[in-house]
Amino acid sequence: MIIKNGFIIDPASQRSYYTDLRIENGILEDISDHIDASEGEEVIDAAGLTVAPGLIDTHVHFRDPGFTHKETLHTGSLAAAKGGFTSVICMANTSPVVDTPEVLQDILDRAGAENIHICQAASVSRSLKGAEMTDMDALKEAGACGFTDDGIPLRDAAFLYEAMKKAAGLNVPISLHEEDPAFIKNNGINHGSVSDALGIYGSPSIAEESLVARDCLLALRSKAHVVIQHISSGKSVELVRIFRKLGANLHAEATPHHFTLTEDAVLKYGTLAKMNPPLRREEDRQAVIKGLADGTIDIIATDHAPHSREEKERSITAAPSGITGLETSLALGITSLVRPGHLTLMQLLEKMTVNPAELYHLPAGKIARGAIADLVIFDPEELWSPKEYASLSSNTPFTGWNLYGKVKYTICGGTIVYRD
């Protein structure tokens with residue numbers, strides 16, 4: 001396959017340029033101007049399009065095993081490919097929980113049949129109960145790329161500190177869901193003017209900030225690579241900024257919904273705008289954007305969280321939290337961050353390619369001779385509106401929005417896995 005006339009953006013080398021690419025046997029074999037096609041080679045004319053490393057999402061829920069009415073490994077991989085993602089990292093809160101090598105191996109075996117790279121994190125604690133540590137050595141040996149009890153906070157600081165030290169020894173990240181339930185009466189909605197208008201007590205930002213403060217200190221002491229997942233509060237961003245300067249190996253994820261929407265979206269979209277942690281105030285959204293711009297937040301992840309229509313049609317307090325995100329993530333980054341001038345396209349792609357690849361030690365995230373041919377080809381100027389989804393679920397407030405940035409091709413291991 002030859003990709004001709006594309007505008008290459010490679011965050012790993014911080015270079016952007018026009019050139020042709022030749023792919024052979026799943027590898028970028030040649031990168032040079034005016035490559036001529038041989039007989040039988042497919043040619044993609046990428047004139048007017050941007051060619052970047054395949055996107056990497058460090059935080060997805062494919063609900064498999066246990067909740068396959070919401071998503072499966074297969075439908076999740078299709079949604080990822082449609083969104084330009086060639087690698088994803090699945091969370092461990094499945095049923096059964098990914099807390100043994102046997103459960104992990106089953107997922108990885110089935111994931112190998114899909115058309116993108118599906119990596120799997122294992123849980124920190126057995127059954128997500130926060131009390132007994134999993135056999136992290138055995139899980140790492142079996143293929144776990146990191147550890148997380150995502151969906152549930154680890155409330156025991158001493159337990160978490162030991163887990164951090166273990167993760168540091170294994171040289172893998174440990175990712176944390178930061179919401180102390182002691183502060184929360186109704187999750188998924190910020191405690192503030194909107195929750196007051198709804199007549200409920202929601203989830204105040206201190207629920208996140210208190211655990212972020214604790215865990216930033218534990219990260220500094222343990223030397224582990226610690227990921228603050230789906231950061232939502234401006235004070236949390238500032239805590240990460242401070243402790244990074246002190247030398248902690250801290251990383252932070254921002255989701256497209258947290259840098260695009262505020263708590264007001266709950267009044268318009270109802271349960272489609274309910275997620276953990278919740279959408280917060282405009283000043284928090286701006287602080288997240290500032291954190292992305294100055295590098296405090298180094299990863300953009302979707303927290304792709306599919307739910308069935310029936311589940312989301314329940315009342316605001318009874319419906320589950322979470323939205324889908326794989327198919328709109330790149331476009332929301334371009335629309336909410338690049339076009340307003342908060343980030344360059346290079347900076348956006350850095351947080352969606354090379355930074356996740358380096359954190360999780362993935363052989364991806366770059367365009368170079370000899371590299372795996374994982375690529376996304378997209379038009380950053382094309383205006384489009386999401387209406388139909390490859391995901392099994394469609395619980396997103398972004399349906400019908402006018403977004404810039406349309407994925408045209410996703411290429412994984414030299415094979416076209418999505419074509420617009």
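**Strand β6, its sheet, and the packing of helices**

Thr-58 is found in strand β6, and the description of this predicted model begins with that residue. With a relative accessible area of 1%, Thr-58 falls under the 20% limit and is therefore counted as buried. The side chain of Thr-58 is joined to the side chain of Glu-253 by a polar contact of 3.3 Å. When neighbours within four places in sequence are left aside, Thr-58 is in contact with Ile-89, Met-91, Glu-253, Ile-299, Ala-301, Pro-356 and Tyr-360, so that Glu-253 appears both in this list and as the partner in the polar contact.

The strand that carries Thr-58 belongs to an open sheet of three strands, arranged in the order β6-β7-β8 and paired in the parallel sense. Because β6 (55-60) and β8 (117-120) each have a single partner strand, they stand at the edges, and one side of each is left without a neighbour in the sheet. From one strand to the next, the twist averages 20°. In general, the strands of a sheet pair through backbone hydrogen bonds, in either a parallel or an antiparallel manner. For β6 and strand β7 (residues 85-90), the parallel pairing extends over four bridges, and within this pairing Ile-56 has Ser-87 of β7 as its bridge partner.

Turning to the helices, packed pairs are described by the angle between their axes and the distance between the axes. Helix α6 (residues 205-222) packs against helix α7 (residues 234-245) at an angle of about 10°, and their axes lie 9 Å apart. Since angles under 35 degrees count as roughly parallel, α6 is described as roughly parallel to α7. On the α6 side the contact comprises Glu-208, Glu-209, Val-212, Ala-213, Cys-216, Leu-217 and Leu-220, which meet Lys-235, Ser-236, Leu-239, Val-240 and Phe-243 in α7. By class, the residues of this contact divide into eight nonpolar, one polar and three charged.

Helix α7 also packs against helix α10 (residues 282-294), the two axes coming within 8 Å and crossing at roughly 25°. That angle makes α7 roughly parallel to α10. Here the contact is made by Gly-234, Val-237 and Arg-241 of α7, together with Asp-284, Ala-287, Val-288, Lys-290, Gly-291 and Asp-294 of α10. The contact of α7 with α10 has three nonpolar, two polar and four charged residues, whereas eight nonpolar residues are found in the contact of α6 with α7.

Helix α13 (residues 345-352) is mostly covered, six of its eight residues being buried. These buried residues are Leu-345, Met-346, Leu-348, Leu-349, Lys-351 and Met-352, a list that includes the charged residue Lys-351.

A further buried position is provided by Trp-384, which has its place in strand β14 (residues 375-384) and shows a relative accessible area of 15%. Trp-384 and Trp-401 are 17 residues apart along the chain, and their C-alpha atoms are separated by 8.0 Å. Not counting residues up to four places away in sequence, Trp-384 touches Glu-327, Ala-331, Trp-401, Asn-402, Leu-403, Tyr-404, Gly-405 and Lys-406. Gly-405, one of these residues, is also engaged through its backbone oxygen, which the side chain of Trp-384 reaches at 2.9 Å.

Technical notes
Residues numbered from 1 in each chain as written. Predicted model: local features only at pLDDT ≥ 70, side-chain atom pairs only at ≥ 80, totals over all residues. Heavy atoms only, no water. Pairing = 2+ DSSP bridges. Helix = DSSP H or I, 4+ residues; strand = E, 2+ residues; numbered from the N terminus. Axes fitted to C-alpha atoms, helices over the stretch in contact; angles between N-to-C directions. Buried < 20%, exposed > 50% of the residue type's maximum accessible area, 1.4 Å probe, protein only. Parallel < 35°, antiparallel > 145°, perpendicular 65-115°, else oblique. Contact = heavy atoms within 4.5 Å. Polar contact = N/O pair within 3.5 Å; in protein donor to acceptor, adjacent residues only side chain to side chain.
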